[in-house]
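Work through the exercises below with the model open beside you. Each task is followed by a stepwise solution.

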Amino acid sequence: MKFEMDKNLPLVSVEIEYKGNKKTFNNVLLDTGCSSTILDTDLCEEIELMLDLENAITRKMYGIGGTEICIEQKVSDITIDKFLLNDFTIQLGDVREMHGFDGIIDSDFFLANKLIIDFKNMEVRKN
């Protein structure tokens with residue numbers, strides 16, 4: 001997965017597939033300082049990844065800009081770029097309006113796939 005630096009932030013475009021529905025999320029932040037992968041709720045609805053209010057857990061996302069409420073839930077068989085994740089915990093929130101990103105991919109994703117962020121070649125790859 002290739003990425004670009006924009007205002008000193010590593011940004012990537014990734015295709016996300018869920019239950020056969022695909023969408024490209026164009027402005028996704030790679031953030032090793034965050035503990036959970038967060039995707040924009042509105043964009044997820046386009047691939048029928050809906051909030052599961054019955055089984056979801058409400059979480060506060062903390063950061064420099066303050067706090068925000070996200071919905072945390074497990075999803076099965078979600079593909080981010082070419083990486084298939086089963087029973088992966090994600091958060092859904094208003095990331096695009098609040099922070100300007102389509103999503104944030106963070107430590108849990110990199111650890112689950114044993115990935116390296118290579119700033120020399122501007123890519124995320126398997127070890």
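**Exercise 1. Confidence**

Task: State the mean pLDDT of the protein, then find where confidence is lowest and where it is highest.

Solution.
- Start with the scale: pLDDT is the predictor's confidence in each residue, from 0 to 100.
- The protein has a mean pLDDT of 88. A value of 70 or more is reached by 95% of its residues.
- Now go by element. Helices (H or I, at least four residues) and strands (E, at least two) are DSSP runs, numbered from the N terminus.
- Confidence is lowest in strand S5 (residues 57-63), with a mean of 74. Strand S1 (residues 4-6) is highest, at 96.
- Keep the ground rules in mind. This is a predicted model, in which local features need pLDDT of at least 70 and side-chain atom pairs count only at pLDDT 80 or more, while totals for chains, interfaces and linings use all residues. Residues are numbered from 1 along each chain as its sequence is written, and side-chain values use heavy atoms, with hydrogens and water left out.

**Exercise 2. Cysteines**

Task: Count the disulfides, and check the surroundings of cysteine 44.

Solution.
- A disulfide is a covalent bond between the sulfur atoms of two cysteines.
- The test is geometric: two cysteine sulfur atoms within 2.5 Å.
- The count by this rule is zero. For cysteine 44, the nearest cysteine sulfur belongs to cysteine 70 and is 11 Å away.
- Next, take accessibility. Buried means under 20% relative accessible area, exposed over 50%, and partly exposed in between (1.4 Å probe, protein chains only).
- Cysteine 44 is buried at 0%. Cysteine 70 is buried too, at 1%.

**Exercise 3. Nonpolar cores**

Task: Describe the largest nonpolar core and say which element gives the most to it.

Solution.
- Apply the rule: a nonpolar core is a set of buried Ala, Val, Leu, Ile, Met, Phe, Trp, Tyr and Cys residues joined through side-chain atoms within 4.5 Å.
- The largest core holds 27 residues. Val14, Leu49 and Phe109 have the most contacts inside it.
- Elements giving two or more residues include strand S2 (9-18), strand S3 (21-31), helix H1 (41-45) and helix H3 (107-113).
- S2 gives the most, with four residues.
- Look at valine 14. Contact means heavy atoms within 4.5 Å. Beyond its neighbours within four places in sequence, valine 14 is in contact with residues including Met1, Phe25, Val28, Ile80 and Ile105.
- A second, separate core has nine residues, among them Leu29, Ile38, Met61 and Cys70.

**Exercise 4. Aromatic pairs**

Task: How many aromatic pairs does the structure hold? Classify the pair of phenylalanine 3 and phenylalanine 119, then that of phenylalanine 83 and phenylalanine 109.

Solution.
- Set the criteria. Rings of Phe, Tyr and Trp (its six-membered ring) pair if their centres lie within 6.5 Å; planes under 30 degrees apart count as stacked, over 60 as edge-to-face and the rest as tilted.
- The structure holds three pairs.
- Phenylalanine 3 and phenylalanine 119 have ring centres 5.4 Å apart and planes at 80 degrees, so this pair is edge-to-face. It links distant parts of the chain, 116 residues apart: the segment before S1 and the loop between S11 and strand S12 (123-126).
- Phenylalanine 3 is buried at 4%, whereas phenylalanine 119 is partly exposed at 47%.
- For phenylalanine 83 and phenylalanine 109 the centres are 5.7 Å apart and the planes at 85 degrees, so the pair is also edge-to-face. Phenylalanine 83 is in strand S8 and phenylalanine 109 in helix H3, so the pair ties together parts 26 residues apart in sequence.
- Both of these rings' residues, phenylalanine 83 and phenylalanine 109, are buried. Ring pairs join Phe83, Phe109 and Phe110 into a cluster.

**Exercise 5. Aspartate 118**

Task: Is aspartate 118 buried or exposed, and what does it touch?

Solution.
- Locate it: aspartate 118 lies in strand S11 (residues 115-118).
- Its relative accessibility is 11%, so aspartate 118 counts as buried.
- A polar atom of its side chain lies 3.0 Å from the backbone nitrogen of lysine 120.
- Not counting residues up to four places away in sequence, aspartate 118 touches Phe3, Glu123 and Arg125.

**Exercise 6. Positive phi**

Task: Where do aspartate 77 and methionine 122 lie?

Solution.
- Aspartate 77 is in the loop between strand S6 (66-75) and S7. Its phi is positive, about 55 degrees, although it is not a glycine.
- Methionine 122 is in the loop between S11 and S12. Its phi is also positive, about 55 degrees, and it is not a glycine.
- Aspartate 77 is partly exposed at 45%; methionine 122 is partly exposed at 25%.

Notes:
A polar contact is a pair of N or O atoms within 3.5 Å; within protein, one must be able to donate a hydrogen and the other to accept it, and residues adjacent in sequence count only if both atoms are side-chain atoms.
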